[in-house]
Amino acid sequence: MLRVFTAGESHGKALVGFIEGMPSNVSMNVEEINRDLARRQQGYGRGDRMKIEKDKIEILSGIRGGKTLGSPISFIIPNKDYENWTEYMSPINTNKCDKLVTKPRPGHADLTGMLKYNFDDIRNVIERSSARETAVRVAAGSLIKQFMSYFNITTHSHVTAIGDIHLQEIITDTSRIKESDSSSVRCVDGIVEKKMIQLIEETKKAGDSLGGIFEIHISGVPKGLGSYVHWDRKLDAKLSYALMSIQGVKGVELGYGFQNTSRVGSLVHDEILFQKTKGFFRNTNHAGGIEGGMSNGENIVIRCGMKPIPTLYKPLKTVDIESKESALATVERSDTCAVPAASIVGEMVAITVIAEEFLRKFGGDSLEEIEKRWKEYI
Ligand SMILES: Cc1cc2nc3c(=O)[nH]c(=O)nc-3n(C[C@H](O)[C@H](O)[C@H](O)COP(=O)(O)O)c2cc1C
Ligand SMILES: C=C(O[C@@H]1CC(C(=O)O)=C[C@@H](OP(=O)(O)O)[C@H]1O)C(=O)O
């Protein structure tokens with residue numbers, strides 16, 4: 001069984017990752033992990049924290065000479081911002097902090113987190129509810145992605161909407177494409193990107209925030225990961241559980257999940273074909289690569305909807321937890337939009353679930369043992 005654990009506070013000394021269940025003899029390229037960490041830091045709309053952090057993994061155990069040992073892999077990602085928070089975040093300094101955060105932000109974990117854990121300082125909630133944690137999930141996913149590449153399983157993602165600007169609508173509504181040749185999708189992408197950036201800039205100026213949609217594709221997944229025999233073994237359920245755990249994600253859709261609801265069955269279900277060289281296959285993929293809780297061999301396509309960022313520079317009304325008086329919510333620093341970053345997190349979270357299920361089906365202690373089982377099955 002593959003398990004990924006994360007620890008660490010947003011402004012603490014470092015984030016910590018722990019992966020149990022990786023087989024031995026898998027080659028690992030640390031630069032690739034750092035590249036994925038850098039991808040997560042990019043995207044228009046990020047705040048000033050991303051100018052401070054330069055995320056890099058430091059592997060502590062489980063890998064020797066560039067190959068996994070089969071033992072637990074542990075690693076850290078130092079928080080550069082810790083330098084500015086050393087005293088405030090100290091695990092041993094018992095002086096009560098004079099900068100209590102007492103004005104919970106609507107949409108964040110602040111209010112319920114402080115009530116649930118019995119804190120008088122919302123800072124204690126912010127530190128762990130922050131999406132800073134997703135850096136660890138990206139590093140772990142990037143390691144796991146390298147393992148999956150031995151089996152030709154790859155993943156990528158892209159943003160399909162920022163606020164009310166949808167990539168698809170603009171591609172199909174050519175009247176909205178004035179600036180260039182409408183036959184070039186690359187050009188259209190460029191126009192959409194410009195419109196999205198413009199919207200983020202306007203929203204930032206207005207002190208507000210944005211959400212959006214990103215789409216994940218996973219290809220090369222063999223038929224039969226997950227199962228129909230029990231509800232908690234279904235692959236679509238496992239993917240949506242994991243993706244919904246990403247901070248801010250409020251909707252997960254497999255294939256044309258919601259669009260399919262308004263079409264007749266004959267236009268939805270993907271007809272089955274067979275060729276000697278290819279085996280069973282489909283010419284369409286409205287299902288998004290999963291039927292009956294199992295991968296069906298087609299690309300897995302998932303869309304995730306992210307709500308707007310809760311921290312607003314023009315804050316919403318809240319109640320001060322000390323005085324119980326009406327107040328404006330706390331704002332120190334924030335992203336305006338983090339959909340591109342969440343998209344990278346989504347990719348890595350999804351590939352982690354695929355690897356878990358892959359090991360459940362083909363599992364062994366070493367890469368060679370797993371390859372043998374996979375080849376036999378294929
Ligand atoms: C990559 C990423 C960056 C984020 N940045 C911020 C941010 O700067 N400010 C903020 O208030 N929320 C940010 N969020 C969203 C909050 O973490 C999230 O809304 C919060 O944890 C509440 O959880 P929920 O949305 O799942 O209810 C970010 C989310 C992600 C995935
Ligand atoms: C640190 C990251 O994102 C953070 C996620 C986040 C939140 O509330 O989720 C709030 C912000 O934290 P800060 O107040 O320190 O600027 C973001 O910068 C990151 O993605 O690495």
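Here are a few worked exercises on the structure above.

Before you start, note that this is a predicted model, in which local features need pLDDT of at least 70, side-chain atom pairs count only at pLDDT 80 or more, and totals for chains, interfaces and linings use all residues. Residues are numbered from 1 along each chain as its sequence is written, while chains are lettered from A and ligands numbered from 1 in the order in which they are written.

**Exercise 1. Describe the shell around ligand 2.**

Step 1: Take the residues near the ligand, where near means that the C-beta atom, placed from the backbone, lies within 6 Å. There are 13 of them around ligand 2, and the closest are Arg 49, Ser 130, Ala 131, Arg 132 and Arg 333.

Step 2: Sort them by class. Ala, Val, Leu, Ile, Met, Phe, Trp, Tyr, Cys and Pro count as nonpolar, Asp, Glu, Lys and Arg as charged, and the others, Gly among them, as polar. The shell of ligand 2 then has six charged, five polar and two nonpolar residues.

**Exercise 2. Place Arg 40 and Arg 46, and find which residues each one contacts.**

Step 1: Check the record. An unreviewed UniProt entry lists both under "binding site"; its positions are given in the numbering used here, feature names are shortened, and annotations may be inferred rather than shown by experiment.

Step 2: Locate them. Helices (H or I, at least four residues) and strands (E, at least two) are DSSP runs, numbered from the N terminus. Arg 40 belongs to helix H1, residues 30-41, whereas Arg 46 sits in the loop between H1 and helix H2 (49-52).

Step 3: Judge burial. A residue is buried if 20 or more other C-beta atoms (placed from the backbone) lie within 10 Å of its own, exposed if 12 or fewer, and partly exposed in between. Arg 40 has 26 such atoms, so it is buried; Arg 46 has 18, so it is partly exposed.

Step 4: List contacts, meaning C-beta atoms, placed from the backbone, within 7 Å. Setting aside residues up to four places away in sequence, Arg 46 touches Asp 335, Ala 338 and Ala 341. With neighbours within four places likewise left out, Arg 40 contacts Thr 134, Ala 135, Val 138, Ala 341, Ile 344 and Val 345.

**Exercise 3. Is Thr 311 buried or exposed?**

Step 1: Find Thr 311 in the loop between strand S16 (300-306) and strand S17 (317-319).

Step 2: Count. Thr 311 has 22 C-beta neighbours inside 10 Å, so it is buried.

Step 3: Look at its surroundings. Not counting residues up to four places away in sequence, Thr 311 touches Arg 105, His 108, Val 331 and Ser 334.

**Exercise 4. Find the residues that touch the most other members of the largest nonpolar core.**

Step 1: Build the core from buried Ala, Val, Leu, Ile, Met, Phe, Trp, Tyr and Cys residues joined through C-beta atoms within 7 Å.

Step 2: Pick out the residues. In this core of 72 residues, they are Ala 139, Ile 162, Leu 243, Ile 302, Ala 342, Ala 350 and Ile 354. Helix H10 (residues 339-362) gives the most to this core, with 14 residues.

Step 3: Zoom in on one member. Leaving aside neighbours within four places in sequence, Ala 139 is in contact with Gly 17, Ile 33, Leu 37, Ile 57, Phe 75 and Ile 77.

Step 4: Look for a separate core. Another one, of six residues, lies apart from the largest, with Val 101, Met 114, Ile 126 and Ile 321 among them.

Technical notes. Two residues are in contact if their C-beta atoms, placed from the backbone, lie within 7 Å.
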